[in-house]
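Please explain how this protein is put together, beginning with its overall architecture and ending with the charged pairs that join its parts.

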Amino acid sequence: MLTRSKTGNSRPKHRVDLATVSHSGLYTALIASKEPKGFLMAAKDSRWMHAMIDELNALKTNDTWDLVPRPKSSNVVGSKWIFRIKYKSDGSIDRFKARLVAQGFSQIPGFDYSHTFSPVIKASTVRVVLSIAVTRKWCLHQLDVKNAFLNGNLTETVFMEQPQGFIDKRFPNHVCRLKKALYGLKQAPRAWFQRLSAFFTSARVSV
């Protein structure tokens, strides 16, 4: 079999020289941004505090967990805050985003998770679908599911520590028994795919 290296017909590599790139507003903002690395740093800024409160309110609205007494013989995964600044195309700040994630590295296989496989679409598949749509003059629609993984229902029993800085004063030793998936859990992608697939199946849309 002839390959590109054998025939000398290799694709040219286009490398971007960051030293010669014009400094757009977005580029400058990304370079200069200072996102907090942890809760203690973020707690000093009211904007990040509001972002964390918004995240917790969204999780409560989604009925993500129940507070329960700490189990004696079960694994309890940690939780962590992740902070990101979202920018507009002109480099101005769009919003401050705080996300509560589970520390899935502390999960135990066969105990608080089993299967983790979830289908992932390839770029080549997208190109094929787009080419077919253009050829047959199909209408294309795109949607974005906000916080997609948070909509996945868990089938395993997973316990997580309460969010740092927002521990319930009435039950400081309680933990969160998760009912919905969180970013960071090993089974989160699979849980989301199963729910999405179940919806399409009920709507008689093949996936």
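The paragraphs below move from the overall fold to the cysteines and then to the salt bridges.

The model shown is predicted. The protein contains 6 helices and 6 strands. Read from the N terminus, these elements follow the order α-α-α-α-β-β-β-β-α-β-β-α. Of the 207 residues in the protein, 30% are buried. The exposed surface amounts to about 14,900 Å², and carbon and sulfur atoms supply 56% of that area. Contacts across the sequence can also be described: among those between residues at least 6 apart, 73% join residues at least 24 apart.

The cysteines come next. A disulfide is a covalent bond between the sulfur atoms of two cysteines. The structure holds 0 disulfides. Cys139 counts as exposed because its relative accessibility is 69%, over the 50% that marks an exposed residue. Cys176, by contrast, has a relative accessibility of 1% and therefore counts as buried, the limit for a buried residue being under 20%.

Turning to charged side chains, the structure holds 7 salt bridges. One of them pairs Glu35 with Arg84, whose closest N and O atoms are 3.6 Å apart. Glu35 lies in the loop between helix H2 (25–32) and helix H3 (39–42), while Arg84 belongs to strand S3 (residues 79–87), so this salt bridge ties together parts that are 49 residues apart in sequence. Glu35 is partly exposed, its relative accessible area being 22%. Arg84 is likewise partly exposed, with a relative accessible area of 43%.

A salt bridge also forms between the side chains of Glu55 and Lys97, at 3.3 Å from N to O. Here the pair links distant parts of the chain, with Glu55 in helix H4 (residues 46–61) and Lys97 in strand S4 (residues 93–102), 42 residues apart. Both Glu55 and Lys97 are buried.

Which elements does the pair Asp66 and Lys179 tie together? The side chains of Asp66 and Lys179 meet in a salt bridge of 3.5 Å, N to O. Asp66 sits in strand S1 (residues 65–68) and Lys179 in strand S6 (residues 175–180), so the pair connects parts that are 113 residues apart in sequence. Asp66 has a relative accessible area of 28% and is therefore partly exposed; Lys179, at 29% relative accessibility, also counts as partly exposed. Asp66 and Lys179 further belong to a network of salt bridges that includes Asp63.

Conventions
Residues numbered from 1 in each chain as written. Predicted model: local features only at pLDDT ≥ 70, side-chain atom pairs only at ≥ 80, totals over all residues. Heavy atoms only, no water. Disulfide = S-S within 2.5 Å. Buried < 20%, exposed > 50% of the residue type's maximum accessible area, 1.4 Å probe, protein only. Helix = DSSP H or I, 4+ residues; strand = E, 2+ residues; numbered from the N terminus. Contact = heavy atoms within 4.5 Å. Areas by Shrake-Rupley, 256 points an atom, 1.4 Å probe, with all protein chains shown as cover. Salt bridge = Lys/Arg side-chain N within 4 Å of Asp/Glu carboxyl O.
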